[in-house]
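This report describes a protein chain together with its bound ligand. Please keep the sequence and the three-dimensional view at hand while reading.

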Amino acid sequence: MSSFETANVYDNSSHTYELRQSTCKDEVQSKHRVLSFFAGCGGLDLGFIGGVRFKDEVLPEQPFHIVSAYDFEPRAVDTYRMNIGHHAEVKDLSEAEPEHLPEADVLIGGFPCQDFSISGPRVGLDSERGNLYMAMVNYMRYHRPKVVVAENVPHLAKIDGGSVMKTILFDLESAGYRFEMWPLFAPDYGVPQNRSRLFLIGVRDDIVGHPVMPVPTHKEKHRSIDWAIEDLERIDDETVPNQSQYFKAAVAKDRGRRRSQGDETCMPGVPSYTIRANSRSRIQFHYKLPRRLTVRECARLQTFPDGFVFPFSTTANMKQIGNAVPPLLANHVAKSIADFMENLL
Ligand SMILES: C[S@@+](CC[C@H](N)C(=O)[O-])C[C@H]1O[C@@H](n2cnc3c(N)ncnc32)[C@H](O)[C@@H]1O
């Protein structure tokens, strides 16, 4: 276990964003230990750490220390390590043995959702990917973290008339936990993008009470796509990282036949379409400019700080961004968990 925490921190004076290593051991030890499964590039984790800037606000720092984060996609781990910290490692969680993983107070993980997603091939629980939540269950049985945060798409609750969700909840609760479902609509929490996510919040059986679903902060005042990216309209180079990166096809290949998902033009004044991981070069068109959205614009719509750099091809970067939980939404969830844990003995 590392005694020190690393975090990518925005420096207000230099307007840069850099990896800092805290040398304050006491501060790290006073935080709740978190283990992150299926961490991707780290959207959920960044929200749990907090203390980073998104546009004019700084996400509140949360009392969590991420001990280790795992993903089996090396490029996602590279992005995580470059931007958040060196506690991320490449690991296939379908083969992980809990006894070889560190203990933690909180387990977080957006278990792979493609097989459940409305935009992915719906294979459900039969596939190996569909079963990966069992890696979380195995960890819970062995290490008994106090709180568990599992995340997926809301559609999960509807597959096969709800029977897939029922099985997943049964398996999670059989590990000795009580779960509640939080369906959260990201624009209600200040995210300038239409994105819904389902959080499954579990508390160990011997612990009284449950975290409270975060109260929406932007319910009647959703932030729009132009609020989020208007200042990037005149920038077409890398003075803002990833702003020159976009899918160049100006016109969709199947235009004239059927306008399919991803070929729409965004509307100003409202939140953007959902930023998808499986975009196959189809990221929606800018509301004003004759091109698709850039990697940076998509990162903004997901509430990543501008200094969070995606170092790969447009396709690989868009996949990592589209897979992520918006850090701002994750920060609201983390705050609710932190408030609950503050009162535990
Ligand atoms: C929905 S994404 C999670 C995104 C992340 N929560 C975030 O906010 O950035 C699911 C992740 O699970 C990873 N994954 C899929 N199968 C895996 C496995 N067998 N072991 C480890 N990671 C896996 C994928 O590479 C992907 O990054």
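The sections below pass from the overall fold to the ligand site, the cores, one enclosed helix and some individual residues.

## Overall fold

The model is predicted, not experimental. The protein chain contains nine helices and 11 strands. Of its 345 residues, 55% are buried. The accessible surface of the protein chain comes to about 15300 Å², and carbon and sulfur atoms account for 51% of that area.

Contacts across the sequence are prominent in the count: among contacts in the protein chain with a separation of 6 or more, 70% join residues 24 or more positions apart.

## Ligand site

The ligand is surrounded by 20 residues, and the closest are L44, D71, D92, L93 and V325. By class, the shell around the ligand comprises 10 nonpolar, six polar and four charged residues.

Three polar pairs can be described for this site. A polar side-chain atom of D92 is 2.8 Å from a nitrogen atom of the ligand. At L93 the partner is a polar backbone atom, which lies 2.8 Å from a nitrogen atom of the ligand. At V325, a backbone N or O atom is placed 2.9 Å from an oxygen atom of the ligand. Taken alone, the ligand exposes 600 Å², and the protein buries 93% of that area.

## Nonpolar cores

In soluble globular proteins, nonpolar side chains tend to be buried together. Here the largest nonpolar core has 61 residues, and F64, V149, F199 and I337 have the most contacts inside it. Helix α9, spanning residues 327–342, gives the most to this core, with nine residues. Another core, of 30 residues, lies apart from it; F111, Y133, V164 and L172 are among its members.

Which residues does V333 touch beyond its neighbours within four places in sequence? V333 is in contact with V149, W182, L184, F199, I201 and P214. This residue lies in helix α9. V333 counts as buried because its relative accessibility is 0%, the cut-off being under 20%. V333 and F199 are 134 residues apart in sequence, yet their C-alpha atoms are 8.7 Å apart in space.

## Helix α8 and Q320

Seven of the 10 residues of α8 are buried, so this helix is largely enclosed by the rest of the structure. The buried residues are T314, A316, N317, M318, Q320, I321 and G322. They pack against α3 (74–83) and α7 (295–301).

Q320 belongs to helix α8, which covers residues 314–323. Because its relative accessibility is 7%, Q320 counts as buried. Which backbone oxygen does the side chain of Q320 reach? The side chain of Q320 reaches the backbone oxygen of R75, at 3.2 Å. Not counting residues up to four places away in sequence, Q320 touches C41, R75, A76, T79, F310 and F312. R75 therefore appears both as the polar partner of the Q320 side chain and in the list of residues that Q320 touches, with Q320 itself counted as buried.

## Backbone conformation in two loops

Two residues other than glycine merit attention for their backbone angles. K55 has a positive phi, near 50 degrees. K55 is located in the loop between β4 (53–54) and β5 (57–58). Its relative accessible area is 25%, so K55 is partly exposed.

D160 also has a positive phi, near 50 degrees. Its place is in the loop between β9 (147–152) and α5 (163–174). Is D160 buried or exposed? D160 counts as exposed because its relative accessibility is 60%, and the cut-off for that class is over 50%.

## Helix α1 and E27

E27 is found in helix α1, which covers residues 25–29. With a relative accessibility of 36%, E27 counts as partly exposed. E27 and H65 are 38 residues apart along the chain, and their C-alpha atoms are separated by 9.5 Å.

How values were computed:
Residues are numbered from 1 along each chain as its sequence is written. This is a predicted model: local features need pLDDT of at least 70, side-chain atom pairs count only at pLDDT 80 or more; totals for chains, interfaces and linings use all residues. Side-chain values use heavy atoms; hydrogens and water are left out. A residue is near a molecule or strand if one of its heavy atoms lies within 4 Å of it. A polar contact is a pair of N or O atoms within 3.5 Å; within protein, one must be able to donate a hydrogen and the other to accept it, and residues adjacent in sequence count only if both atoms are side-chain atoms. Accessible areas come from the Shrake-Rupley method with a 1.4 Å probe; for residues, only the protein chains shown count as cover. Ala, Val, Leu, Ile, Met, Phe, Trp, Tyr, Cys and Pro count as nonpolar, Asp, Glu, Lys and Arg as charged, and the others, Gly among them, as polar. Helices (H or I, at least four residues) and strands (E, at least two) are DSSP runs, numbered from the N terminus. Buried means under 20% relative accessible area, exposed over 50%, partly exposed in between (1.4 Å probe, protein chains only). Contact means heavy atoms within 4.5 Å. A nonpolar core is a set of buried Ala, Val, Leu, Ile, Met, Phe, Trp, Tyr and Cys residues joined through side-chain atoms within 4.5 Å.
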